[in-house]
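Open the model in your viewer and keep the sequence panel beside it. The stops below each give a selection and then what to look for there.

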Amino acid sequence: MVNKFIVFEGIDGSGSSTQAQLLYNDLLYKKIPAKLTNEPTDGIIGHVIKNLFNGKFVFGGPQKEFDRMMAYLFAADRIDHLFNKIDGIEKILQYKNVISTRYFYSSLVYHSNNEDEIKFIYSLNKNFRKPDIIFYLDISPEESIERIKYRDVKDSYENYEKLCLVYSNYKYILTKYMKDAIIIDGTLSISEIHNIIMEKVCNE
Ligand code: ADP
């Protein structure tokens, strides 16, 4: 197996962290080298993003400008994620598979309200490496709300109205920017989904 860049996408609670972790565990069990990573990163820009989401840092401007600021910040964080000399994706891929929970597709769907904004955010990200495999875990906003309701810390995007918008944005970008994504019914059991993922990854 040649090293692959594998990305998980889906609305909040879709199971992307669960499945990324299971894939990582299973690859290591099979002695296939892999690194698990996610966006936003644990780097400096990722730290700013996380604190803006959880309300520790406050942006006083309008929501539209907040979204735009987030799109820029995430694109900057992604440069760190891809190119930093210590554990950037480009470097790690030379000797390991990389599994990322979220990538630039999340920026397209979370920081936009319409097709023009999606197009603009794509323009910020279009030159970044494309993943070798994208798994999109499909659950409804209703299912998402059920799954995330017990989270201790909810970020500012985790509400029903926002989830509906993000869900419909995903439906749009799946036909435009994520045509190669493998769409999996996220309401299947955790092990059924994992088996589908393992089969795909090991047969690539
Ligand atoms: P995400 O990282 O996409 O936000 P998580 O992996 O954190 O989602 O999962 C959110 C919650 O849903 C967790 O409590 C997890 O155990 C649960 N969950 C994940 N996958 C499934 C599944 N296929 N069926 C039912 N519950 C699931």
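**Stop 1: Glu39 and its partners**

Select Glu39 and Arg78 and show their side chains: the two make a polar contact at 2.8 Å. Keep in mind throughout that this is a predicted model. Now add His81, whose side chain is in polar contact with the Glu39 side chain at 2.9 Å.

Where along the chain is Glu39? Its place is the loop between strand S2 (34-38) and helix H2 (44-54). Is Glu39 buried or exposed? Its relative accessibility is 5%, and the cut-off for buried is under 20%, so Glu39 counts as buried.

To see what surrounds Glu39, select Phe74, Arg78, His81, Ser100, Thr101, Arg102, Tyr103 and Phe104. These are the residues in contact with Glu39 once neighbours within four places in sequence are left aside.

Next, select Pro40 together with Glu39 and look at the backbone between them. The peptide bond joining Glu39 and Pro40 is cis, with omega about 0°. Pro40, too, is placed in the loop between S2 and H2.

**Stop 2: Arg102 and Tyr110**

Arg102 was among the contacts of Glu39, and it is the next residue to select. Its place is the loop between strand S3 (97-101) and H5. Look at its backbone: Arg102 is not a glycine, yet its phi is positive, about 80°. Arg102 counts as buried, at 14% relative accessibility.

Which side chain does the side chain of Tyr110 meet in a polar contact? Select Tyr110 with Arg102 and you will find the pair at 3.3 Å. Tyr110 is in helix H5 (residues 104-110). With a relative accessible area of 8%, Tyr110 is buried.

Expand the selection around Tyr110 to Gly10, Ile11, Asp12, Asp67, Arg102, Tyr157, Lys162, Val166 and Tyr170. Tyr110 touches each of these, with residues up to four places away in sequence not counted.

For a distance across the model, pick the C-alpha atoms of Tyr110 and Ile86. They are separated by 28 Å, and the two residues are 24 residues apart along the chain.

**Stop 3: Lys91 and Lys31**

Ile86 leads to Lys91: not counting residues up to four places away in sequence, Lys91 touches Lys85 and Ile86. Lys91 lies in helix H4 (residues 89-92). Its relative accessible area is 33%, and Lys91 is partly exposed. A second distance can be drawn from here to Ile183, which is 92 residues from Lys91 in sequence and 28 Å from it in space, C-alpha to C-alpha.

Now select Lys31, in the loop between H1 and S2. Lys31 has a positive phi of about 60° and is not a glycine. At 73% relative accessibility, Lys31 counts as exposed.

**Stop 4: helix H7**

Select residues 141-148, which form helix H7, and mark Pro141, Ser144 and Ile148 as its buried residues. Why do these residues line one face of the helix? Turn the view to look down the axis of H7: the buried residues fall within an arc of 50°, so they line one face. Then show helix H8 (160-176), which is part of what covers the buried residues of H7.

**Stop 5: the ligand**

Finish at the ligand. Of the 15 residues around it, Gly13, Ser16, Ser17, Thr18 and Leu188 come nearest. By class, the shell has 4 nonpolar, 8 polar and 3 charged residues.

Three polar pairs can be picked out one by one:

- Arg151: an N or O atom of its side chain is 2.9 Å from an oxygen atom of the ligand.
- Ser14: a polar backbone atom is 3.2 Å from an oxygen atom of the ligand.
- Arg147: a polar side-chain atom lies 3.3 Å from a nitrogen atom of the ligand.

How much of the ligand does the protein bury? Taken alone, the ligand exposes 560 Å², and the protein buries 71% of that.

Last, color helix H1 (16-29) and helix H9 (190-203), the elements that give two or more residues to the shell around the ligand. H1 supplies the largest share of that shell, 3 residues.

Notes. Residues numbered from 1 in each chain as written. Predicted model: local features only at pLDDT ≥ 70, side-chain atom pairs only at ≥ 80, totals over all residues. Heavy atoms only, no water. Near = heavy atom within 4 Å. Polar contact = N/O pair within 3.5 Å; in protein donor to acceptor, adjacent residues only side chain to side chain. Areas by Shrake-Rupley, 256 points an atom, 1.4 Å probe, with all protein chains shown as cover. Helix = DSSP H or I, 4+ residues; strand = E, 2+ residues; numbered from the N terminus. Nonpolar A, V, L, I, M, F, W, Y, C, P; charged D, E, K, R; others polar. Buried < 20%, exposed > 50% of the residue type's maximum accessible area, 1.4 Å probe, protein only. Arc of directions from axis to C-beta. Contact = heavy atoms within 4.5 Å.
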